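Trainee: I would like a close look at a single part of this protein, the surroundings of the ligand. Please take me through them and through the elements they connect to.

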Amino acid sequence: MAKTTSFETERVFTKTWSNPNGHSLAAFKEAGGYKALKKALEMDPAAITDEVIKSKLRGRGGAGFPAGRKWSFVPKTDKPKYICVNADESEPGTFKDRYIMERSAHMLIEGLAIACRAIGAHTAYIYIRGEFGLAERRMQQALDEAYADGILGKKLMGTDYPLDIYVHRGAGAYICGEETALLESIEGKKGQPRLKPPFPAVEGLFACPTIINNVETIAAVGPIIDKGADWWVNLSRTEAEGGTKLVGVSGHVAKPGVYELPNGLTLKQVIYDVAGGMRNPDKPLKAVIPGGSSCPILLPDELDVSFDFDAMKTVGSLMGTGCPTVIEEGTCIVRLLKRVERFYAHESCGQCTPCREGGDWLFKIISRIEEGKGTMEDIDKIESIASKIEGHTICPFGEALAWPARSYLKKFRHEFEEHVTLGRCPHGPIPVAPLALSGVVA
Ligand SMILES: Cc1cc2nc3c(=O)[nH]c(=O)nc-3n(C[C@H](O)[C@H](O)[C@H](O)COP(=O)(O)O)c2cc1C
Ligand code: SF4
């Protein structure tokens, strides 16, 4: 059932979500679907990219790189060009792309076809996280429908432009969400990140120019072309980015779920006005991880900030995937960090020594502290190790290991010290905040 918020916005991503059959081709077309692709096929490819640049659409996979600008880096060459949609969505606390694929699969296909036309790609891949069974089935079903309807294939919407889209299922490795590891994986190799440069837009899949974009980024392209960049810009309440955003709120809030919101609400508004505030009035807010577990943690007095890529940097954190995890008083921060680092230590691809060894060291030291067996020297080692991982690795996974450790320690050092002086966890055997208690709002 649809939940309402005081921050209602025009629904873009969630338009058909209240219809149980909204993922079908018929429902998508009834809601105006594939009109944008038709329009795009009548446009000059460069004009499509220009419109996306004008819309201020920023990549929604974590880094916020402007989508249209990335497309403009594709060189004019006779080599084949590819687009890979990053549907790996494995960052703990993040759950939004899955819902687009399960409920709006055709929206992703339409955006992808338009993006392919813009850069001149005739083949595209949707790289789906291996665990996403329903999303994969829905995507394949939608692709089958699109082929049967003459939308995809040798004649894209009846034109002379051939386009094939394939679903490629991952095998459960978080690192395959990193764009170059994703490319290695599609090529049938071990999913390990490549050194950059060359950047994929110049030399990516099969050594050809390749654009990698997040699911939500690509899904936004159809509506932008259909209604225009100005409309998209006006949906937002911040200069930083256009449009609406799918925000997945999890943790100790009263109403966890995926919400479609205008860009530019403050993090405080997202937590209190949209997600209903804290679930337990006796347990006030203790901390927030704003955009997936790799982002630096924030304190309650740091939330009056626009939840956008630029503003979040001013408080020393990141918008990341736009999915905040809310943590209540009574949660053991040391235990939370132990769980976060256990995940990252396990998921390291092992190529770089600081990441491969440092991740395990961090996990072991934090575990020791959490069990009451740590020393004050151990606390200093966390900072020392994390600072030697950050900036010293092939891919930004090193930062994902280091940022939680450094920020939790900076803001909650007293809790680490308490574990050492008491020789036990002061919070007792309480389970830590679940990282993804999700419901869907549509
Ligand atoms: C370790 C790691 C994991 C990542 N996982 C994902 C992911 O699951 N989904 C995603 O879209 N981007 C992920 N990214 C970011 C991608 O490398 C890439 O920047 C993104 O897909 C680009 O899309 P965008 O420009 O539309 O945001 C990850 C990056 C790193 C370093
Ligand atoms: S930082 Fe970690 S995950 Fe990334 S390439 Fe190096 S070892 Fe692999």
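Mentor: What follows starts at the ligand, goes on to the sheet, and ends with the domains. Keep in mind that this is a predicted model.

Ligand 1 is surrounded by 24 residues. G59, G61, G177, N214 and T217 are the closest of them. Sorted by class, this shell holds 9 nonpolar, 9 polar and 6 charged residues. Two elements, β4 (210-214) and α17 (397-422), each contribute at least two residues to the shell. The largest contribution is that of β4, which gives 3 residues. In terms of domains, at least three shell residues come from domain 1 (25-234), and at least three come from domain 3 (333-422).

Since β4 gives the most to the shell, the sheet that contains β4 is the next thing to look at. It is an open sheet of 4 strands, paired in parallel, in the order β3-β2-β1-β4. The edge positions are taken by β3 (164-169) and β4. Each of these two has a single partner strand, so one side of each has no neighbour in the sheet. On average, neighbouring strands here are turned by 20 degrees against each other, with direction ignored.

The partner of β4 in that order is β1. Strand β1 covers residues 82-87 and runs parallel to β4, and 5 bridges join the two. To find the pairing in the model, start from I83, whose bridge partner in β4 is I211.

Two helices that lie across the sheet can be placed next. Helix α8, residues 179-186, lies across β1, β2, β3 and β4. Its direction makes an angle of about 110 degrees with β1. Helix α7, residues 133-148, lies across β2 (123-128) and β3. The angle between α7 and β3 is about 165 degrees.

Now the domains. The protein is divided into three parts: domain 1 (25-234), domain 2 (244-328) and domain 3 (333-422). Between the C-alpha centres of domain 1 and domain 2 there are 27 Å. Where these two domains touch, the contact takes 12 residues from domain 1 and 15 residues from domain 2. On the domain 1 side of that contact, 3 residues are nonpolar, 4 are polar and 5 are charged.

To return to your request, the shell around ligand 1 draws on domain 1 and domain 3, and β4, an edge strand of the sheet, gives the most to it.

Note on methods: Residues are numbered from 1 along each chain as its sequence is written. Chains are lettered from A and ligands numbered from 1 in the order in which they are written. This is a predicted model: local features need pLDDT of at least 70, side-chain atom pairs count only at pLDDT 80 or more; totals for chains, interfaces and linings use all residues. A residue is near a molecule or strand if its C-beta atom, placed from the backbone, lies within 6 Å of it. Ala, Val, Leu, Ile, Met, Phe, Trp, Tyr, Cys and Pro count as nonpolar, Asp, Glu, Lys and Arg as charged, and the others, Gly among them, as polar. Domain bounds come from an automatic or database domain assignment. Two residues are in contact if their C-beta atoms, placed from the backbone, lie within 7 Å. Two strands pair if DSSP finds at least two bridges between them. Axes are lines fitted to C-alpha atoms, for helices over the stretch in contact, and angles run from 0 to 180 degrees between N-to-C directions.
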